[in-house]
Amino acid sequence: GLVIDGRTLAYALEPTLEDKFLSLAKRCRSVLCCRATPLQKSMVVKLVRDKLKAMTLAIGDGANDVSMIQVADVGVGISGQEGMQAVMASDFAVPRFRHLEKLLLVHGHWCYSRLANMVLYFFYKNAMFVALLFWYQFYCGFSGSSMVDQWYLIFFNLLFSSLPQLITGVLDKDVPAEVLIAVPQLYKSGQ
C-alpha cells in the first residue's frame, strides 16, 4: 500500500513527477491520500482517469469531496454528519459506508447485465422493424408507399421502447443478491 500526505502529494502532482507517482501507485494494491486538499483529491482522480484511461469512482462524505466526485466518472456520496453536499453532487447516494459493498457488487452487476440485454434488445427490435419495411417494399414494388399509419409507428415505438425496460428493471435479476455478495468475482463477469 501507499500512504501519502497532502504536502508530499503536492510534489508528486507536479508535471515532472506525476508519471513516476502514477507508476508507483499502479504497483500498489491500495493508495491512501490523507490530509489532502479538495483540489489535490480531484487532481489525483483526474490524473488516473486521463493517464490510465480508466473509469474512476470517487466516494465522499462531505463538502471537501465535491470536486473529487464531480471529476470522477461515477460519484458516490455518503450522507454523513458534514452535510449533504457530497450526496447532492454524486450520481449515487448511500446512507452509510457499509452499504457501498451492496451498491457495487449487487446493483453494479445487475446494471451491467440489464444494460447489455437492453442494447441487444434495441438492436434486434430496430433490425426487425427495418427488415419488415424492406420486405414490404418488395410487395409494393418499391413504390415508396407507407406500410402503416404514422400513429401505429408512434405506438409501436412507445410500447416496445418503454414496457420492456420497465419490466427488465423491476424483474431481471440474473443472480440473487446473496450469491453476488458471497462471490464478488461475479462482478467481473458482468463487465
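Helices and strands are here DSSP runs, a helix taking at least four residues (H or I) and a strand at least two (E), numbered from the N terminus. The structure treated in these exercises is a predicted model.

**Exercise 1. Determine what secondary structure the model gives to the segments that UniProt lists as transmembrane region.**

Solution. Begin with the record: the unreviewed UniProt entry lists residues 119–139 and 151–171 under "transmembrane region". Next, take the segment 151–171, where the chain is 100% helix and 0% strand, with its end C-alpha atoms 30 Å apart. Then take residues 119–139, which are likewise 100% helix and 0% strand, the end C-alpha atoms being 31 Å apart. Finally, turn to the domain annotation: the unreviewed entry lists residues 87–191 as "domain: P-type ATPase C-terminal", and over that range the model has 72% helix and 3% strand, with 26 Å between the end C-alpha atoms.

**Exercise 2. Test whether the span of helix α3 (residues 38–52) agrees or disagrees with 1.5 Å a residue, and describe its surroundings.**

Solution. The expected span is 1.5 Å times one less than the number of residues. For the 15 residues of α3 the expected value is therefore 21 Å, and the end C-alpha atoms are indeed 21 Å apart, which agrees. As to burial, Gln40, Lys41, Ser42, Val44, Val45 and Leu47 of α3 are buried, and the elements that cover the buried residues of this helix include α1 (6–12), α2 (18–26), β2 and α4 (66–71). Just after α3, lysine 53 adopts a positive phi of about 55 degrees.

**Exercise 3. Work out which strands form the open sheet, and in what order and sense they are arranged.**

Solution. The open sheet consists of 3 strands in the order β3-β4-β5, with parallel pairing. Because β3 (57–60) and β5 each have a single partner strand, they stand at the edges, and one side of each is left without a neighbour in the sheet. Between neighbouring strands the average turn is 20 degrees, direction ignored. In detail, β3 pairs with β4 (residues 74–78) in the parallel sense over 4 bridges, and isoleucine 59 stands opposite valine 76 in β4.

A separate pairing joins β1 and β2 (residues 31–34), parallel and over 4 bridges, in which aspartate 5 has cysteine 34 of β2 as its bridge partner. In a regular strand, side chains alternate between the two faces of the sheet. In β1 (residues 2–5), Leu2 and Ile4 make up the covered face, whereas Val3 and Asp5 lie on the uncovered one.

**Exercise 4. Classify the ring pair of phenylalanine 134 and phenylalanine 138, and place these residues in their helix.**

Solution. A search of the whole structure finds 11 aromatic pairs. For phenylalanine 134 and phenylalanine 138, the ring centres are 5.1 Å apart and the planes stand at 85 degrees, so the pair is edge-to-face; the cut-offs are centres within 6.5 Å and planes over 60 degrees apart. Both residues lie in helix α6, 4 residues apart, which is about one turn of the helix. An α-helix has 3.6 residues a turn, so residues three or four places apart point the same way. Phenylalanine 134 counts as partly exposed at 44% relative accessibility, and phenylalanine 138 is partly exposed with a relative accessible area of 44%. The two belong to one aromatic cluster, formed by Phe134, Trp135, Phe138 and Phe142.

Key. Residues are numbered from 1 along each chain as its sequence is written. This is a predicted model: local features need pLDDT of at least 70, side-chain atom pairs count only at pLDDT 80 or more; totals for chains, interfaces and linings use all residues. Side-chain values use heavy atoms; hydrogens and water are left out. UniProt positions are given in the numbering used here, feature names are shortened, and annotations may be inferred rather than shown by experiment. Buried means under 20% relative accessible area, exposed over 50%, partly exposed in between (1.4 Å probe, protein chains only). Two strands pair if DSSP finds at least two bridges between them. Contact means heavy atoms within 4.5 Å. Axes are lines fitted to C-alpha atoms, for helices over the stretch in contact, and angles run from 0 to 180 degrees between N-to-C directions. Rings of Phe, Tyr and Trp (its six-membered ring) pair if their centres lie within 6.5 Å; planes under 30 degrees apart count as stacked, over 60 as edge-to-face and the rest as tilted.
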